[in-house]
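Colleague: I would like to learn how to read a model like this one, feature by feature. Could we begin at one residue and work outwards from there?

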Amino acid sequence: MEIDVLTLFPEWFSWFTGQRHVANVLGAGHRLRAVSYRDHTPLSGRQVDDTPFGGGPGMVLRVDVVDAALRALYGRDPLELHGERRIVALSPAARVLDDALVSELAEERALTLLCGRYEGFDERVVEHLATDALSIGRYVLAGGELAAMVVCDAVLRKLPGALGDRQSALEESFSPALGGAPEYPHYTRPASYRGWEVPSVLLSGHHEQIRSWRAEQSARRGAREGEHEGDRGEGGSLP
Ligand code: ADE
C-alpha cells in the first residue's frame, strides 16, 4: 500500500515512521510519505489559510492550496484520481472510524490523507477534492495529524508483514471473528499477584472451556459498550 499524508507538519511523521511496528510494515514493501501543503502553495509567503467568509474566529485551510498540493503530487487534476485512490479528509465532523472502515481502507492500493488545521478545511475540499471524510472520535484535535497517524497505525497493522502472529489480527477487538465485540481480557504470569487471581479456567488447560469463557467475556464487554453508547445519547435514553 502507498499512503500519502498532506500536512503542515510533515516532520511529525518522521517520529511515527521510525516506530518499530510501523518501520516493519514499511520494510515489507509498503510506503508512507508526508508532504507539506506549504511546499506547493500557489500563494505568496507560503500562505495556506485564510479568514472564514461570514466572519468568526480562526483560519481555514484554502481549497486552492489543497488542490495545488494534490496536483503537484500526482501531476493531474485531483478529480481524475477519484477512481484510483481514496482521498480522505480528516475532520471531527465526519463519519467515525471503526474496525470495518479500517479493514476497507486496508484493501486499498493507495490512500491520501488530508490533514486540516485551525478551523479545518474550506468545505469544498471535503465536497469535491476528497472521496471520503473521517473522524477518529467525537472530540476536536488541534489538527488532523494525530488523526492521520491513528488511521495509518490501524490500517498498516492489518497489512501483510505487519504482525508476527497473524492470528492476533484476526481475533482482535471488533473483528468479525468476535462478532464485532471488544476482545476478551488477557492475563499472564504471575497467576496470583497481591491477591488478584487469574480466572481459574485459563489455567485449566481445557481449550473448549477457555474458548467459551473468552466468547462470553467478549460478548459481555460488547453489551457494556452498548450501555456507554446509551450514555452518549446514541439511541439511548439520557436527555
Ligand atoms: N481533526 C481535528 N479533530 C479531528 C478528529 N476528531 N478526527 C479527525 N480529524 C480531526
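Modeller: Let us begin with Trp12, which is found in helix H1, the helix spanning residues 12–18. Please keep in mind throughout that this is a predicted model.

Colleague: Is Trp12 to be read as buried, partly exposed or exposed?

Modeller: The general idea is that a residue is called buried under 20% relative accessible area and exposed over 50%, with partly exposed in between. Trp12 has a relative accessibility of 32%, and therefore counts as partly exposed.

Colleague: Which residues make up the nonpolar surface patch with Trp12?

Modeller: Trp12 is joined there by Tyr139, Leu141 and Leu146, and the nonpolar patch that they make covers about 360 Å² of surface. As for the protein chain as a whole, about 13,500 Å² is exposed, of which carbon and sulfur atoms supply 52%.

Colleague: Let us turn to charged pairs. How many salt bridges does the structure hold, and how should one of them be read?

Modeller: There are 21 salt bridges in the structure. The general idea is to look for a side-chain nitrogen of Lys or Arg within 4 Å of a carboxyl oxygen of Asp or Glu, and then to ask which parts of the chain the two partners come from. One of the cases here is Arg86 with Glu104, whose side chains meet at 2.9 Å, N to O. Because Arg86 lies in strand E5 (residues 86–96) and Glu104 in helix H4 (residues 99–106), this pair ties together parts that are 18 residues apart in sequence.

Colleague: Which other salt bridge does Arg86 form, and where does that partner lie?

Modeller: Arg86 also forms a salt bridge with Glu108, where the closest N and O atoms are 3.1 Å apart. This pair links distant parts of the chain, with Arg86 in strand E5 and Glu108 in the loop between H4 and strand E6 (110–114), 22 residues apart.

Colleague: How do these three residues read in terms of burial?

Modeller: Arg86, at 13% relative accessibility, counts as buried, whereas Glu104 counts as partly exposed at 35% and Glu108 counts as partly exposed at 22%.

Colleague: What is the burial of the two partners in the salt bridge between Arg117 and Glu145, and which parts does that pair tie together?

Modeller: The side chains of Arg117 and Glu145 meet in a salt bridge at 3.0 Å, N to O. Arg117 lies in the loop between E6 and helix H5 (123–129), and Glu145 in helix H6 (residues 145–156), so the pair ties together parts that are 28 residues apart in sequence. Arg117 is buried, and Glu145 is buried too. Salt bridges can also be read as a network, and here one such network links Glu2, Asp4, Arg31, Arg33, Arg85 and Arg109.

Colleague: In what order do the strands of the open sheet follow one another, and which are the edge strands?

Modeller: The general idea is to walk across the sheet from one edge to the other rather than along the sequence. Here 5 strands form an open sheet with parallel pairing, in the order E2-E1-E6-E5-E7. The edge strands are E2 (31–36) and E7 (132–135), each of which pairs on one side only. From one strand to the next, the twist averages 30°.

Colleague: How would you read strand E1 within that sheet?

Modeller: Strand E1 (residues 2–7) pairs with E2 in the parallel sense over 6 bridges; Leu6 stands opposite Val35 in E2, and Thr7 has Ser36 as its bridge partner in that strand. E1 also pairs with E6, again in the parallel sense, over 5 bridges, with Val5 standing opposite Leu113 in E6. Of the 6 residues of E1, 5 are buried, so this strand is largely enclosed by the rest of the structure.

Colleague: Which strands does H4 lie across, and at what angle does H4 run to E5?

Modeller: H4 lies across E5, E6 and E7, and runs at about 170° to E5.

Colleague: Finally, how does the whole chain read?

Modeller: The protein chain has 8 helices and 9 strands, and 40% of its 239 residues are buried. Of the contacts between residues at least 6 apart in sequence, 69% join residues at least 24 apart. Along the principal axes, the C-alpha atoms fill a box of roughly 70 × 50 × 35 Å.

Note on methods. Residues are numbered from 1 along each chain as its sequence is written. This is a predicted model: local features need pLDDT of at least 70, side-chain atom pairs count only at pLDDT 80 or more; totals for chains, interfaces and linings use all residues. Side-chain values use heavy atoms; hydrogens and water are left out. Patches are made of residues with over 30% relative accessible area and no salt bridge: like charges are joined within 9 Å, nonpolar side chains (Val, Leu, Ile, Met, Phe, Trp, Tyr) within 5 Å. Accessible areas come from the Shrake-Rupley method with a 1.4 Å probe; for residues, only the protein chains shown count as cover. Helices (H or I, at least four residues) and strands (E, at least two) are DSSP runs, numbered from the N terminus. Buried means under 20% relative accessible area, exposed over 50%, partly exposed in between (1.4 Å probe, protein chains only). Two strands pair if DSSP finds at least two bridges between them. Axes are lines fitted to C-alpha atoms, for helices over the stretch in contact, and angles run from 0 to 180 degrees between N-to-C directions. Contact means heavy atoms within 4.5 Å.
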